[in-house]
Amino acid sequence: MSAGTPTAPTIPSDLAARAAEVLRGNDLGGWTKAAPRLYPHQWSWDSAFIAIGWAHLDVRRAAEELRTLFAAQWATGMVPHIVFNPAVPPGAYFPDAAYWASAELSPAAPQLPVETTGLCQPPVHAIAAWRIWEVAQRAGEATDDARAFLADLYPKLLAWHRYLSTARDPEGSGLVTIYHPWESGADNSPRWDAALAAVTVGDLPPYTRADLRHVTDRSQRPTDAEYDRYLWLVELLKRARYDEVAVYRSHPFLVKDVLFSAILVAANEALLQIAELVDAPDTDRATITDWVERGRQGLNTCWDTDLGLCLDRDVRTGQPVVTRTVAGFAPLVAGGLDSERRTALLASLDSRAFLGHPDLRWAVPPSTSPHDPRFRPRSYWRGPTWPFMNWLFWWALKRIGEHERARRLRAEALAQIAGAGFAEYVEPFTGEPLGSGDQSWTAAAALDWLANPDDAA
Ligand code: 9WN
């Protein structure tokens, strides 16, 4: 099946039931593992997508997922990228809670026994919280509970977005700075190659990777050289005791991440809806509206006319990061586009560099364009397609009124899940499932799509 061919996929009638089984299988009561063995903890942005899946099975359980995550929020407002599962034996996931030592090093970290990393991930949480509300309303289910949940979560979301708009954007650029590729959620994307190459790895204590015990084909995971840099960056964050000002002064990896920033814009719009619902003060609403505008202006400064994509910017060098990845479509997620920018972005999306590539098994966006010299079809974020990314872009296309494109993307993405199962990521040409199986957010995306057939467009 080529990208240009219209598809009429057959979706097995038990797909939603199988997706629900995946979530239930990974459910540890109050929170959900990102995957059964490879990711045995609670991951921040996985959790938000997972909550959307739960909303279709049990709205209260969906709310609980986010509540548990936000219980580990730092005093700075940061929502940590991983909340560790105390039942996981040391070494089963690396780097583990002891390695990060966040409570020991930072007064802003949550108190023991809650243990987290000292990084964050893209802020999809307000989007998820609003989606839970929409699902609850549609189902006519316990909307008082859902409203109380949003009222309780609102100040936490506000503190989270404030953290990102201040500590992570001291320049007031509207763009969020990340300290580590793990913060982007797209760990070994070629987006980070140049900034990582400039990092000199110092005296790193010996370590054993746990991921390769679960994914034995090394080509699917980041390389050892990348891992050395990931860990060296953690080492430096620890030496700075996770203090933002110190990190900003000395850290060698500081990058303005356009997809992260665009997600923050969309999340701020969701937060405005929540603010309205919970009757938040006008001053909050004015602040959030400023963040939305500033974010869109920041993204405008990252536009690359030749590529027809938005590019990250390296804070240390001031230079744009020239790559062709799915992150380049960030303005579609942020919304508020003028017609020229919208036309250019959609042309890039439809082009042979992305959805129009003739060899794609399903017309869903590869993480890195096959036209980028660093494209690798089996290697993690260097080419494979990611089901929850399909969800994010489907949601974004719908939000900006591109209903026909959204409908096609949903159909292709569901066909992919029907064919490849609940894989973490998928080889774009052959459709081979890669990484972990039974990945929670893949199941959540399926549940959301299948629960709302009328949502197709
Ligand atoms: C590091 C859990 C996470 C996702 C990320 C994905 C991967 C972790 C890893 O798995 O990252 O955070 O160990 O590779 O890149 O997006 O949140 O699913």
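**Exercise 1: overall size.** Work out how the radius of gyration of this predicted model fits with what a compact globule would have.

*Solution.* Start with the chain: the protein has 457 residues. For that number, a compact globule would come out near 23 Å. Now look at the protein itself, which has 20 Å, so the two agree. For a second view, check the box around the C-alpha atoms: along the principal axes, they fill roughly 55 × 50 × 45 Å.

**Exercise 2: inside and outside.** Find what share of the residues is buried, and what supplies the exposed surface.

*Solution.* Take buried to mean under 20% relative accessible area. By that cut-off, 61% of the 457 residues are buried. Next, turn to the outside: about 16600 Å² is exposed, with 51% of it coming from carbon and sulfur atoms. Then add the charges. There are 44 positive and 56 negative ones, and their mean positions lie 2 Å apart.

**Exercise 3: a sheet, strand by strand.** Put the strands of the open sheet in order and say which ones sit at the edges.

*Solution.* Begin with the full inventory of 19 helices and nine strands. Three strands make up the open sheet, running β3-β4-β7 with antiparallel pairing. Strands β3 (176–178) and β7 (313–314) each pair on one side only, which makes them the edge strands. Now zoom in on β4 (residues 255–257): two bridges tie it to the antiparallel β7. To pin down a partner, pick lysine 256, whose bridge partner in β7 is arginine 313.

**Exercise 4: contacts along the chain.** Among contacts with a separation of 6 or more, what percentage links residues 24 or more positions apart?

*Solution.* Keep just the contacts with a separation of 6 or more, then pick out those 24 or more positions apart: they account for 72%.

Terms used. Residues are numbered from 1 along each chain as its sequence is written. This is a predicted model: local features need pLDDT of at least 70, side-chain atom pairs count only at pLDDT 80 or more; totals for chains, interfaces and linings use all residues. Side-chain values use heavy atoms; hydrogens and water are left out. Helices (H or I, at least four residues) and strands (E, at least two) are DSSP runs, numbered from the N terminus. The radius of gyration is taken over C-alpha atoms; the globule rule is 2.2 Å times the number of residues to the power 0.38. Buried means under 20% relative accessible area, exposed over 50%, partly exposed in between (1.4 Å probe, protein chains only). Contact means heavy atoms within 4.5 Å. Accessible areas come from the Shrake-Rupley method with a 1.4 Å probe; for residues, only the protein chains shown count as cover. Lys and Arg count as positive and Asp and Glu as negative; His and the chain ends are not counted. The place of a charge is taken as NZ of Lys, CZ of Arg, CG of Asp or CD of Glu. Two strands pair if DSSP finds at least two bridges between them.
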